[in-house]
Amino acid sequence: MNIIDTHAHAGINWFEPVEMILHQMNLNGVQRTALIQHAGNYHNDYLLECVKRFPGRFGAVVWVDVNDPNAPETLERLAQHEEVIGMRLHPPQRSPEPDPLAIWRKAAELGLPVSCFARNAAQAADPGFQSIVEQFPNLTVILEHLAGAYRPQSPESVTAPYDDYRVALTLSRFPNTCIKFGGLGEFCVRPNPLAAQYGFEEIPPLMEMAYEAFGPERMMWGSDFPPVAGREGYRNSLEALKEYPCFRNQEERDWVFGKAAEAAFRWS
């Protein structure tokens, strides 16, 4: 199986150098990784350097300062690098007047997929964001972290009826949308005490709901390394999901662990 990690971070001003994620990839049979620029960092040179140093292993998903009036031009310059396979935005982000959608429009013009970091499912469910997705049907929008339904703070934080998440999943009605999932530790509460083997006492049906909405051809795994190291760990985040029951056969697993990413990102 050709495994692609669609969501890992590398940096010299935050997180870890790229050699750390490369080590995990080699240990776990991961062929390629999308290096996702971390929030609030508009210095993309390191990501471009990483892709060049390790040909065929990485692609760079860049971020620009949307509040800068010259952000669309900056994005256009970055997109000329073959190392760049996408850009990252928060759903609420808008450009300065007179065109609040300038950065989204530029990404669409450049054919540059947008990896969308919703801080919660309400941001992905917001009608304004859904309108943007509808307005740019040729813009590939990849919803990170199960469209924002992640990071439980307590057993009550990810519970039925999942109202915002259900609305966020209606974005699947637009064929230009995809969704990323990470390890189960992103939305399950850590057992206390831990059992001898990896597992969770309760698993909310967020994966099943995403599968029902998007299907395997528009779902993709991303480790969220290195933050995943503070949850269940890189290997567990991958191995547990390889056998996750909502993926019914090897063909579906081939999509969610590789083919969907190849279709969505601008891999050279």
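This report walks through helix packing, a buried histidine and some unusual backbone spots in one predicted model.

**Helices α3 and α4**

Start with the pair α3 and α4. Helix α3 covers residues 71-79, and helix α4 covers residues 102-110. Their axes lie 9 Å apart and meet at an angle of about 25°. Angles under 35 degrees count as roughly parallel. α3 and α4 are therefore roughly parallel to each other. The crossing of α3 past α4 is right-handed.

Which residues of α3 and α4 meet? From α3 come Ala71, Pro72, Leu75, Glu76 and Ala79. From α4 come Ala102, Ile103, Lys106, Ala107 and Leu110. Sorted by class, this contact has 8 nonpolar residues, 2 charged residues and no polar ones.

Spacing along a helix helps in reading such lists. An α-helix has 3.6 residues a turn, so residues three or four places apart point the same way.

Now take α4 by itself. Its buried residues are Ala102, Ile103, Trp104, Lys106 and Ala107. They pack against α3, β4 (84-89), β5 (114-116) and α6 (127-135). After α4 comes Gly111, with a positive phi near 65°.

Just before α3, look for Pro69. Pro69 sits in the loop between β3 (58-62) and α3. Is Pro69 buried or exposed? Exposed means a relative accessible area over 50%. Pro69 has 62%, so Pro69 is exposed. Pro69 and Ile103 are 34 residues apart in sequence, yet their C-alpha atoms are 9.6 Å apart in space.

**Helices α1 and α10**

A second pair joins distant parts of the chain. Helix α1 spans residues 18-28, and helix α10 spans residues 234-242. Their axes come within 10 Å and cross at roughly 40°. That angle makes α1 oblique to α10. The crossing of α1 and α10 is right-handed.

On the α1 side, the contact is made by Ile21, Gln24, Met25, Leu27 and Asn28. On the α10 side, Tyr234, Arg235 and Leu238 take part. By class, the contact has 5 nonpolar, 2 polar and 1 charged residues.

**Helix α2**

Helix α2 (45-53) follows the loop that starts after β2 (32-36). What is buried in α2? Tyr46, Leu47, Leu48, Cys50 and Val51 are. These buried residues pack against two helices and three strands: α1 and α3, with β2, β3 and β4.

**His38 in its loop**

His38 lies in the loop between β2 and α2. Buried means under 20% relative accessible area. At 4%, His38 therefore counts as buried. Its side chain makes a polar contact of 3.0 Å with the side chain of Asn13.

What else touches His38, leaving aside neighbours within four places in sequence? The contacts are His9, Ala10, Gly11, Asn13, Trp14, Phe15, Trp63 and Arg88. Arg88 falls within the range of strand β4 (84-89).

**Unusual backbone spots**

Some backbone values call for a second look. Most residues other than glycine have a negative phi, and most peptide bonds are trans. The table lists four places that depart from this pattern.

| Place | Feature | Value |
|---|---|---|
| Asn192 and Pro193 | cis peptide bond | omega about 5° |
| Phe225 and Pro226 | cis peptide bond | omega about 5° |
| His145 | positive phi | about 50° |
| Tyr162 | positive phi | near 55° |

Where do the two prolines lie? Pro193 is in the loop between β7 (177-181) and α9 (206-214). Pro226 is in the loop between β8 (219-221) and α10. That loop leads to the helix that α1 crosses at roughly 40°.

The positive-phi residues sit elsewhere. His145 belongs to helix α7 (residues 145-148). Tyr162 is in the loop between α7 and α8 (163-169). Neither His145 nor Tyr162 is a glycine. His145 has 6% relative accessibility, so His145 counts as buried. Tyr162 has 14%, so Tyr162 counts as buried too.

Technical notes
Residues numbered from 1 in each chain as written. Predicted model: local features only at pLDDT ≥ 70, side-chain atom pairs only at ≥ 80, totals over all residues. Heavy atoms only, no water. Axes fitted to C-alpha atoms, helices over the stretch in contact; angles between N-to-C directions. Helix = DSSP H or I, 4+ residues; strand = E, 2+ residues; numbered from the N terminus. Parallel < 35°, antiparallel > 145°, perpendicular 65-115°, else oblique. Left-handed = near helix turned anticlockwise from the far one by under 90°. Contact = heavy atoms within 4.5 Å. Nonpolar A, V, L, I, M, F, W, Y, C, P; charged D, E, K, R; others polar. Buried < 20%, exposed > 50% of the residue type's maximum accessible area, 1.4 Å probe, protein only. Polar contact = N/O pair within 3.5 Å; in protein donor to acceptor, adjacent residues only side chain to side chain.
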